[in-house]
Amino acid sequence: MLEKLFDHGKIESKVIDKSKEIISKTTKNNSRKETFTITLPPPNITGSLHLGHAFTSVIQDMLLRFKRQHGYVVLGQPGIDHAGIATQIIVANQLREKGIHWQQLGREEFIAQVWKWKEQSGGTILYQLVRLGTSIDLDRVRFTMDPAASEAVAYAFTRLYKDGLIYRDKRIVNWDPVLKTAVSDLEVSNKTEDGKMWYIRYPMGQSDFITIATTRPETLFGDQALAVHPDDERFKHLIGRKVRIPLTDRVIPIIADEHSDPQKGSGIFKVTPAHDFADFEIGVRHNLPMMIIMDESACLNNEVPEEFRGLPVSVARAKVVNALEEKRLIVRIENIVHSVPRNDRSGAMIEPMVTNQWFLETKRLADMAIKAVEDGRIKFIPEQWTNTYFEWLRNIQPWCLSRQIWWGHQIPVWYAENGKMFCAPTEEEAIQQAAKYFEVSKEFVPKLTRDPDVLDTWFSSGLWPFVTLGWPEKTADLAKHYPTDVLVTGFDIIFFWVSRMIMLGLYFTKDVPFRTVYINPLVRDEKGQKMSKSKGNVIDPLHLMNKYGTDALRFTLATLAIPGRDIRLGESLVEIGRNFITKIWNAAKFIELKECFFEKEFDIYGGEIEAPLNRWIVRKLIEFKGQSELHINEYRFDLYAQCIYKFLKDTFCDIYIEAIKSCNDFETQRTACAVFLEFLKVAHPVIPFITEFLWEEFTRTQQVRGMLLTEPWADELSVQRGTGTSSGTDANLSYDATSKLTDYYIAVTEEIRSLRGIIGVKEKLDLLVISGEDDEFIARNTHWILNLGRLNSIEVVDAFPDGGIRFVVKNQEFYLKYSNEISRTVFDKKMQTLQSEIDRLAAKIQNEAYKAAKPAQWAEDVTLREQKEVELAKLKAVNF
């Protein structure tokens, strides 16, 4: 017996526990069935569930469950990323709280502390994802620092090095002076901050000056040139002349470069190649020296005048400005608002700096990755993200692989004392290389020292789709599940992760890592603002799951998954999702109360159903299943969720259940239960908890073969997708004259209910119908027409009396008995109210300022006006 109220807390953990073993068994299925594989984006070991994870997981899990229902051997490959910098910061902070600086421990002991933390606290997010209903096999969880993964990473690095694609060079990188390491662009956020623009005079000759504008006066010591645009008539005559850097005796040239913007600042720019990304490219083009004027802590070094050496950037800036003012070399100072690059984790201002790093030459790899998308081997959904992918790859730069931290994959390179370098997957192989080089036995190889740097976390992540399947070994998993089928991820890492997986996948496996890339929309708050802790608008998915249930959150996210459009999520929407889950529960309670039961041998698609209404609901079920399957296959999860909502609420509950309330026949009882269970099957991918629980409740006495998790989506029936018809079914389900009449009188009852709602009539009415060909159908189906129309009676007459309400459905007129005087008054008042509302909305919609300021609200008003116009048209069509 189902409880009165649905309590998600009681069933979710039970369903999860029962699902674990089944998921593991289906993953290990060694049959020759077709496979479907998704490599789940590995969350950071430091992470906890947020709405971005939740949305990605819901989309992935819908696909996994859907394909499992269709007989595929399904693998959702889970894993965790070691998150190099983020994890090192956490453990270093914990040590600092104990009064220990992480570097005091030494590398080996510090890494041991990180592993200890990982075992105690890392990976919590995986269990949170399981709580979200993600049907993954926890026995297959991989970690990017597992021994097998580490060996694969070392092998990949070595091979790329031997192929001439990895090299060591001095290039400009994002340098974090707090963490003292290079960081990726993804870890850099441009913060809008107040600043200043200094206009500084550079001496030229004995008495002339050139004025330049800069926000970084402290970097002038590293200047190697001033640049003007070659077509700027104001400064063409200066090209080739020399200027002196203020506060120094060093002279630099004035050069022409198209990067210079004549409209910006004074139109003349200082070029500091070692400390600015754009300047670095200018320096390369013009073969300028790369003078580094800062150390790893962003303090000025010995390349600058003695009085400024050792000063941090902020202090040096103030001192440089004071010295320039004393020499009257500052023309003016402007207060500005500009973007300052900062590391979100450390808070440090990022310093562009030329440092000695390991790089991967990506141009050849990028060309292969571009071609894979161009020729259709990989497709993006929505397709618009293809352009973003191409734009990044066609302008790709060498990839800085090295990081100056301890936690991560240490670079597999060893150095002899004379500087000779040996790259090998293991130290043993490096020693063998050294022995050969020095022409000695291994016992007499000079001491080798390993490169202290570790690899960018994105390098191991780029190998993830095939490393998790056993590469570089030729494993059964790799042969069975690679290439994978779908990648679900965010647009912000198309370059950092997606493109790199494609590049490395093509290079190492000669095949694409996945065939489809589904790009998530960005989840915003209900006002359309990006969620952030500073704004206080971050929504915790665990809170929503605890309060409204996991199914409610999953269903809400699915309804909002409109391709190419950001999600606006508020708690009120999840509450609506919860109300829908409650609607399902109440439908189940009705079926239980009506003693509707599941009979395994009862075939709703065959010839056993005779009642027109039962045949009608089965035809609607077939249409519903076909449309749902179509929408999932086309990645329109929003339309799939709408299908589920409309079938359950509008078709099954509002029509079928209302119609059969007075029916207790055997056929209807079996049909109602069978159709409801088929609904559970179709809805299962998005709302797995309530569907699984109710499936067990209704099938436990029939020895059904297993959980809904593995129940086939379709029987032997061959369904014509989305047409409402089926092939291979009994002729009894064909769309015949009786079917047409059933549809027609359902439409009549819907019109009656619509009119009742518009004019506010609550009491039951009497319906009159003109005698004709429908008389026999009406007589046999009076019971459900009365229920649906909320009518007292149906009377077949030769002519309608005066008065009452007359309305038309498809050219046939009907009559509702109702006081003519009251009717006219009620109708007139309602029509006046509707017209006033339509006029008010029309005035709002015509306001262009309103449309520009609140486009979403404006669109809602347009829809509302259209609805009001339909209601008014219905009233105008009524006769008295």
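The legends below describe close-up views of a predicted model of one protein chain.

**Figure 1. Overview of the protein chain in the predicted model.**
The chain has 880 residues, of which 53% count as buried. Its secondary structure consists of 27 helices and 31 strands. Taken along the principal axes, the C-alpha atoms fill a box of roughly 115 × 70 × 55 Å. The accessible surface comes to about 40000 Å², and carbon and sulfur atoms account for 48% of that area. Among contacts with a separation of 6 or more, 77% are between residues 24 or more positions apart.

**Figure 2. Confidence along the chain, with residues 716–731 in view.**
The mean pLDDT of the protein chain is 90, and 95% of its residues reach 70 or more. Over residues 716–731 the pLDDT is below 50. Beyond near neighbours in sequence, this stretch still has 23 contacts in the model.

**Figure 3. The second largest pocket and the elements that line it.**
The volume of this pocket is about 1100 Å³. Its lining is made up of 39 residues, and T215, R216, K264, D276 and S339 lie nearest the centre. Elements that each supply at least two lining residues are the strands β7 (188–204), β8 (208–214), β12 (269–271) and β13 (330–343), together with the helix α7 (277–286). Strand β7 provides the largest share, eight residues. Sorted by class, the lining holds 14 nonpolar, 13 polar and twelve charged residues.

**Figure 4. The largest cavity and its lining residues.**
The structure holds two cavities of 30 Å³ or more. The largest cavity contains about 50 Å³ of space. Its lining is formed by I752, L755, R756, I759, V761, L765, I805, L816 and F827. Helix α23 (residues 737–759) gives the most to this lining, with four residues. By class, eight of the lining residues are nonpolar, none is polar and one is charged.

**Figure 5. Two cis peptide bonds that lead into proline, at P382 and at P472.**
Most peptide bonds are trans. The bond from I381 to P382 is cis, with omega near -5°. P382 lies in the loop between β15 (379–381) and α10 (385–394). The bond that joins W471 and P472 is also cis, and here omega is about 15°. P472 is placed in the loop between α13 (464–467) and α14 (476–481).

**Figure 6. Positive phi at L247 and at N287.**
Most residues other than glycine have a negative phi. L247 is not a glycine, yet its phi is positive, at about 70°. This leucine is found in the loop between β10 (242–244) and β11 (251–256). Is L247 buried or exposed? Its relative accessible area is 18%, under the 20% limit, so L247 counts as buried. N287 likewise has a positive phi without being a glycine, with a value of about 55°. The loop between α7 and α8 (313–326) holds N287. N287 counts as exposed because its relative accessibility is 69%, over the 50% limit.

**Figure 7. S266 and its contacts in the loop between β11 and β12.**
With a relative accessible area of 17%, S266 is buried. Which residues is S266 in contact with, leaving aside its neighbours within four places in sequence? They are Y199, T211, I212, A213, R234 and F235. One of these contacts, T211, is 55 residues from S266 in sequence, while their C-alpha atoms are 6.8 Å apart in space.

**Figure 8. Q206 in the loop between β7 and β8.**
Q206 is exposed, with a relative accessible area of 83%. Its C-alpha atom is 81 Å in space from that of C643, and the two residues are 437 residues apart in sequence. The strand on one side of this loop, β7, is the one that gives eight residues to the lining of the second largest pocket.

Terms used
Residues numbered from 1 in each chain as written. Predicted model: local features only at pLDDT ≥ 70, side-chain atom pairs only at ≥ 80, totals over all residues. Heavy atoms only, no water. 1 Å grid on protein atoms, 1.4 Å probe; cavity = no way out; pocket = protein on both sides within 12 Å on 5 of 7 lines; lining within 4 Å. Points joined across faces, edges and corners; volume = space filled by probe spheres on them. Nonpolar A, V, L, I, M, F, W, Y, C, P; charged D, E, K, R; others polar. Buried < 20%, exposed > 50% of the residue type's maximum accessible area, 1.4 Å probe, protein only. Contact = heavy atoms within 4.5 Å. Areas by Shrake-Rupley, 256 points an atom, 1.4 Å probe, with all protein chains shown as cover. pLDDT = per-residue confidence, 0-100.
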